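Visitor: Please take a close look at one part for me: the charged side chains and their surroundings. Keep it brisk, and explain the terms as you go.

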Amino acid sequence: MTTDVDISAVVVPATRRRRTGRFALGVAVIAVPLFLALLGPVFAGEPGARSASFTLGGGHWLGTDFVGRDVWRQVLHGGRPVVLTALGAGALAYLVALPVGLIAALTHRRWLEELLMRPLDVLIAVPSLLLILLVSSVFTPGAVGLALLVALVNVPDAARLVRAAATEAAARPVVEALRLQGESWWRTAVGYVGRTILRTLGADAGTRLTGVLYLVATAAFLGVGVAPDAADWAVMVDRNRTGLFVQPWAVVVPALLIVALTTGTNLLFDAALEKPDVRGGNGRRGERRVRKERRS
């Protein structure tokens, strides 16, 4: 006896469970570093007296750092600069890349497209970290300057991605229909093309935020945009690495928090962008399961 089985009824629950599990895992991974980054300074309290460098115990949960400061207190203060600088740099990059990419994709003026995209091609040819180091050798950037530099090196790649995705969407008949109806450029670009490429931008944002965090942490590790003794997770890894085998917590804890922050971010974006596959939730195994249920 053959019965009809609704494929979506079999597949979607499994996909939802997998998506929920991935989302929960992402939240669990990112919760600790994000909590410490945003609310850590509230619980840090007043600085205590300094002790000997790279010691364990003595009232210090995670020991002391290279100048005798409490590592736990430095951890509580060190996440906010990394997170805020990375978020600011990512937001600034898209704030510039979105209009540039949309204008380049939707304009009918070839010279305007060349004017917008060719300078970005020059920037993208220079390695990001090298460009940051070159600029910082001339100017001394603070936290805001570092965010601007990281945003600058991310604009070319983001703009090219926006342009490529928007060009594909702009070639659809509906865009030509909107133009013939007299719709404004803003409504066409943002209302339709921008909405169409949201998933592409979301997928890129997860990867790009990880790259931005890497650049911010690496620049801080190299002393760009932060003071040598600043309470910063990346600076902590750099300054305390000489005592790694004596007092490892001063290096291991901030390094793990940076890794957890980037990994959790990717997991959350992956879960948010995952779409149910009605052809078989787990690939071929899902298809075989559906066929078996149909035959029963």
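Guide: Aspartate 204 counts as buried, at 10% relative accessibility. Buried means under 20% relative accessible area, exposed means over 50%, and partly exposed lies in between, using a 1.4 Å probe and protein chains only. Arginine 208 is buried too, at 8%. The side chains of these two residues, aspartate 204 and arginine 208, form a salt bridge, with 2.9 Å from N to O. The term covers a side-chain nitrogen of Lys or Arg within 4 Å of a carboxyl oxygen of Asp or Glu.

Two notes on the basis. The model is predicted, so local features need pLDDT of at least 70 and side-chain atom pairs count only at pLDDT 80 or more, while totals for chains, interfaces and linings use all residues. Residues are numbered from 1 along each chain as its sequence is written, and side-chain values use heavy atoms, with hydrogens and water left out.

Back to the pair. Why are aspartate 204 and arginine 208 about one helical turn apart? Because they sit four residues apart in helix 8, residues 198-221. Helices here are DSSP runs of H or I with at least four residues, strands are runs of E with at least two, and both are numbered from the N terminus. The chain has 11 helices and zero strands.

In the whole structure, the search finds 12 salt bridges. Take another one, between arginine 110 and glutamate 113, at 3.5 Å from N to O. These two are three residues apart in helix 3 (residues 110-124), so about one helical turn separates arginine 110 from glutamate 113. Their surroundings differ in accessibility: arginine 110 is exposed at 55%, whereas glutamate 113 is buried at 11%. Both belong to a network of salt bridges that links Arg110, Glu113, Glu114, Arg118, Asp121, Arg160 and Arg163.

A third bridge joins arginine 69 and aspartate 65, with 2.9 Å from N to O. Both of these residues are buried. They also help line the largest cavity, together with Phe66, Gln74, Pro228, Asp229, Ala230, Val235, Met236, Arg239 and Asn240.

Now the empty space. Rolling a probe the size of a water molecule over the atoms shows where empty space is left. On a 1 Å grid over the protein atoms alone, a cavity is a set of points where a 1.4 Å probe fits but cannot get out; a pocket is an open set with protein on both sides within 12 Å along at least five of seven lines; lining residues have an atom within 4 Å of a point. Grid points are joined across faces, edges and corners, and the volume is the space filled by probe spheres set on the points.

One cavity of 30 Å³ or more turns up in the whole structure. The largest cavity holds about 40 Å³. Its lining has five nonpolar, two polar and four charged residues. Ala, Val, Leu, Ile, Met, Phe, Trp, Tyr, Cys and Pro count as nonpolar, Asp, Glu, Lys and Arg as charged, and the others, Gly among them, as polar. Helix 9 (residues 233-240) gives the largest share of this lining, four residues.

Asparagine 240, in helix 9, is one of the lining residues. At 2% relative accessibility, asparagine 240 is buried. Apart from residues up to four places away in sequence, asparagine 240 touches Phe54, Asp65, Phe66, Ala250 and Val251. Contact means heavy atoms within 4.5 Å. Notice Asp65 in that list: aspartate 65 is the salt-bridge partner of arginine 69.

The largest pocket holds about 210 Å³. It is lined by 15 residues, with Glu46, Pro47, Gly48, Asp70 and Arg73 nearest its centre. Helix 1 (7-44) and helix 2 are the elements that give two or more residues to this lining. Helix 2 gives the largest share, four residues. Six lining residues of this pocket are nonpolar, four polar and five charged.

Finally, the nonpolar surroundings. A nonpolar core is a set of buried Ala, Val, Leu, Ile, Met, Phe, Trp, Tyr and Cys residues joined through side-chain atoms within 4.5 Å. The largest core has 64 residues, and Val75, Ile132, Val150, Val193, Ile197 and Trp233 touch the most other members. Helix 2 (residues 71-106) gives the most to this core, 15 residues. Leaving aside neighbours within four places in sequence, valine 150 contacts Ala89, Ile132, Val212, Leu215 and Val216. Overall, 41% of the chain's 296 residues count as buried.
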